[in-house]
Amino acid sequence: GEWIKIAAGLGENAKYDDCAVVSEEDYEFKARAIGVTLGYQDSDVSGIAKIKIRHTQLANTADYTQYVELIYNPKKTRNFSFDEDLMHFAGRKKPVVERGEHEDANIMLSFIVRDSEEVEKLIALIKQRQTILLRDSRKKKMYLSINNLQIQEDWMTRRHEVSFTVNEVDFQEEIKEVE
């Protein structure tokens, strides 16, 4: 099958954590040693790896250790828009559609957050202004940007309803060079 290079420059007995896998998908891993003359030797394929993501996770793609897990009362509304213009021409009563190749996808998300510290982690994550990886228990994996956040606080229950819109963006999973 086809393999994707996820890390380079790993030394002997090095460890690498792949933080961009999809929930409940099977993954096989192998290592390739490349010699000075550019010859190579592949390792045996390691056992099949699988993880289970229980809720919705948002992680900073520049540093996957910066993440927030959103658990309670998830609401998601998906929107799509397509590159399309209506062109009007003399002699035609109705417009002609001019279609482009681009499409936009966004999701309006809303969650209940019980802990003020988690709200602060979400604010900090968004303020990093990096591409965000979204993964959830339904095998969704999207790279996205977030440019807004609304927080509604309920003083009686000490809960927060956080709402934001995420825009799906193109993102190339980078090969990690380890020194």
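What share of the 179 residues in the protein chain is buried? Buried residues make up 23%. Keep in mind that this is a predicted model.

**Stop 1: the whole chain**

Start with a cartoon view. The protein chain has one helix and twelve strands. Trace the elements from the N terminus: the order is β-β-β-β-β-β-β-α-β-β-β-β-β. Now switch on the surface. The accessible surface is about 13400 Å². Carbon and sulfur atoms account for 46% of that surface. Then think about contacts between residues at least 6 apart in sequence: 61% of these join residues at least 24 apart.

**Stop 2: the nonpolar core**

Select Leu58, Ile146 and Phe164. These residues have the most contacts inside the largest nonpolar core, which holds 19 residues. Next, color the elements that give two or more residues to this core. They are strand 5 (63-70), strand 7 (96-113), helix 1 (116-127), strand 8 (132-135), strand 9 (141-146) and strand 11 (159-168).

Zoom in on Leu58. Which residues does Leu58 touch, not counting those up to four places away in sequence? Show Gln66, Tyr67, Val68 and Leu70; they are among them. Add Leu122 and Leu125, then Ile132, Leu133 and Leu134. Ile146 and Phe164 complete the list of residues that Leu58 touches.

**Stop 3: helix 1**

Select residues 116-127, which form helix 1. Place a distance between the end C-alpha atoms: they are 17 Å apart. At 1.5 Å a residue, the twelve residues should span 16 Å, so the two values agree.

Now show side chains. Val119, Leu122, Leu125 and Ile126 are the buried residues of helix 1. Look down the helix axis. These buried residues line one face of the helix, because they fall within an arc of 120°. Two of them, Leu122 and Leu125, are residues that Leu58 touches. Turn to the face directed away from the buried side. Glu117, Glu120 and Lys127 are the exposed residues there.

Stay on the helix and pick Glu118 and Lys121. Their side chains meet in a salt bridge (3.5 Å, N to O). The two residues both lie in helix 1, three residues apart, about one turn of the helix. Glu118 is partly exposed, at 22% relative accessibility. Lys121 is partly exposed too, at 38%.

**Stop 4: the other salt bridges**

How many salt bridges does the structure hold? There are three. The helix pair is one of them. Select Asp136 and Lys76 for another. Their side chains meet at 2.8 Å, N to O. This pair links distant parts of the chain, 60 residues apart. Asp136 sits in the loop between strand 8 and strand 9, while Lys76 is in strand 6 (residues 72-87).

Is Asp136 buried or exposed? Asp136 counts as buried, with 3% relative accessibility. The cut-off for buried is under 20%. Its partner Lys76 is partly exposed, with a relative accessible area of 35%.

Move along to Glu84 and Arg99. Here the side chains meet in a salt bridge at 3.1 Å, N to O. Glu84 belongs to strand 6 and Arg99 to strand 7, 15 residues apart. At 43% relative accessibility, Glu84 is partly exposed, whereas Arg99 is exposed at 60%.

**Stop 5: Ile53**

Go back to Asp136 and add Ile53. Their C-alpha atoms are 5.9 Å apart in space, although the two residues are 83 apart in sequence. Ile53 lies in the loop between strand 3 (40-42) and strand 4 (56-60). Ile53 is buried, with a relative accessible area of 2%.

**Stop 6: Ala105**

Finish with Ala105, in strand 7. Ala105 counts as buried, at 11% relative accessibility. Show its contacts, leaving aside neighbours within four places in sequence. They are Asn79, Phe80, Val166, Asn167 and Glu168. Last, select Val169. The C-alpha atoms of Ala105 and Val169 are separated by 8.4 Å. Along the chain, the two residues are 64 apart.

How values were computed: Residues are numbered from 1 along each chain as its sequence is written. This is a predicted model: local features need pLDDT of at least 70, side-chain atom pairs count only at pLDDT 80 or more; totals for chains, interfaces and linings use all residues. Side-chain values use heavy atoms; hydrogens and water are left out. A nonpolar core is a set of buried Ala, Val, Leu, Ile, Met, Phe, Trp, Tyr and Cys residues joined through side-chain atoms within 4.5 Å. Buried means under 20% relative accessible area, exposed over 50%, partly exposed in between (1.4 Å probe, protein chains only). Helices (H or I, at least four residues) and strands (E, at least two) are DSSP runs, numbered from the N terminus. Contact means heavy atoms within 4.5 Å. A salt bridge is a side-chain nitrogen of Lys or Arg within 4 Å of a carboxyl oxygen of Asp or Glu. Accessible areas come from the Shrake-Rupley method with a 1.4 Å probe; for residues, only the protein chains shown count as cover. The expected span of a helix is 1.5 Å times one less than its number of residues. The arc is that of the directions from the helix axis to the C-beta atoms.
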